[in-house]
Amino acid sequence: MGQNAGYTTTVEYIKETAFGTKPTNPAMKWIGIVTDAKFTDKPKSFSTRYFTDAAYTNPKSAAYKHIKTVMEAGIEIEYVPQDIMSGFIGFALGGDDTTCTGLVDGINSVTIGAIITGGTNKYLLYEGCVVDEFTLTIPEDDVLKCSAKFTAADAVAPSATDYKGTGSNATESTDAMLTCDDVSAIKLSVDNGSTWADATDIVREIELSISNKNVYLKDLASANSTHIAGVVNVGKDVKLGLELYYDDLDLLTQVRALTQCGFKFTIDSKTFTLTGVQFPEYPLDVKPDEVIGDKLESLQVTGLTIAS
């Protein structure tokens, strides 16, 4: 009996034109350098102890009935981007991987496929996948890291037949992984984007987190394993996290007044501009043998644009 090793797995995706429906004969897309993928297939069940019939001979104190009612399905993917807009950041913001210029209303879904090789390929398919949580982390001295958490409307049972049909599986990108060295033009605005200046604090790490408030519409008549027949996005929370070495404590004045600031940076020829950035706290822990600095996390920002 063979054993499937994790390194034999392929994970790929395609944008859906109809929610919960894989495009016919899709040309699947490369996500990036995927380092972790967690697949959730969880049957929801009803369990109860019950009154048996008179002929029941087993211990009646352990008389239980269990039945599956519906499924829960989802995926968590961690990857290193090779192109900042490839993968799922655009989907998290309400656009997609080709037409995202920033934060917009609505949400688009994707189909995610996985191929696990172990003698005979097994093909897994998750349709109607919508981003619930997304994080882009830009650390010092390291590669950029993305994580995306999805809820899926339908999980198809493992199959020996490739879901691509006459389409194609994803082709690995030849682009280099993006690193901290690909980040430039870090600027701060103390008047919410009217004027900009180089950040005087030393920025060690940037974290952009996106949390989607998705309402999943369940339909008793739906053929999807989760009964999810649609999704409505009722809001997005975007937050900015910064790890800084402080310079002259200039930002403390803005934090004390809860001033709306702007922050922007460039990655891979794309400039991310955040406005309505308000920091509710300015941690200040002073030690005699350390440089002064800490991590700041904003309240929900009110604007995010992405421009070439």
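**Side-chain contacts around β10 and β11, and the aromatic pairs**

Lys213 comes out as partly exposed, with a relative accessible area of 44%. The model looked at here is a predicted one. Within it, Lys213 makes a salt bridge with Asp237, and the closest N and O atoms sit 3.8 Å apart. Lys213 belongs to strand β10 and Asp237 to strand β11, so this pair ties together parts of the chain 24 residues apart in sequence.

A second bridge joins Arg204 to Glu243, with 3.9 Å between the closest N and O atoms. Here too the partners come from β10 (Arg204) and β11 (Glu243), and they are 39 residues apart. Arg204 is partly exposed at 25% relative accessibility, and Glu243 is also partly exposed, with a relative accessible area of 22%. Glu140 joins in as well: together with Arg204 and Glu243, it is part of a network of salt bridges.

Strands β10 (202-218) and β11 (228-245) also share a nonpolar patch, to which each gives at least two residues. The patch covers about 310 Å² of surface and is built from Val215, Leu217, Val232 and Val234. Leu217, which sits in β10, has a relative accessible area of 40% and is thus partly exposed.

The structure holds 10 salt bridges in total. One of them pairs the side chains of Asp96 and Lys15, at 2.7 Å from N to O. This one spans 81 residues, from Lys15 in strand β1 (residues 10-15) to Asp96 in the loop between α1 and β4 (110-116). The two ends are covered to unlike degrees: Asp96 counts as buried at 5% relative accessibility, whereas Lys15 is partly exposed at 31%.

As for the rings, the count comes to 8 aromatic pairs. Among them, Phe88 and Phe150 meet edge-to-face, with 4.9 Å centre to centre and 80 degrees between the planes. Phe88 lies in the loop between β3 (64-80) and α1 (89-93) while Phe150 is in strand β6 (residues 145-152), so the contact ties together parts 62 residues apart in sequence. Both Phe88 and Phe150 are buried. Another pair, Phe263 with Phe265, is tilted, at 6.0 Å centre to centre and 50 degrees between the planes. Phe263 is buried at 3% relative accessibility, and Phe265 is buried at 0%.

Phe88 and Phe150 also turn up in a cluster linked by ring pairs, along with Tyr13, Tyr79 and Phe91. Finally, a charge sits over a ring: Lys264 lies over the face of Trp196, 4.6 Å from the ring centre.

Key. Residues numbered from 1 in each chain as written. Predicted model: local features only at pLDDT ≥ 70, side-chain atom pairs only at ≥ 80, totals over all residues. Heavy atoms only, no water. Patch = residues over 30% accessible without salt bridge, like charges linked within 9 Å, V, L, I, M, F, W, Y side chains within 5 Å. Areas by Shrake-Rupley, 256 points an atom, 1.4 Å probe, with all protein chains shown as cover. Salt bridge = Lys/Arg side-chain N within 4 Å of Asp/Glu carboxyl O. Helix = DSSP H or I, 4+ residues; strand = E, 2+ residues; numbered from the N terminus. Buried < 20%, exposed > 50% of the residue type's maximum accessible area, 1.4 Å probe, protein only. Phe/Tyr/Trp six-rings, centres within 6.5 Å; stacked < 30°, edge-to-face > 60°. Lys NZ or Arg CZ within 6 Å of the ring centre and 35° of its normal.
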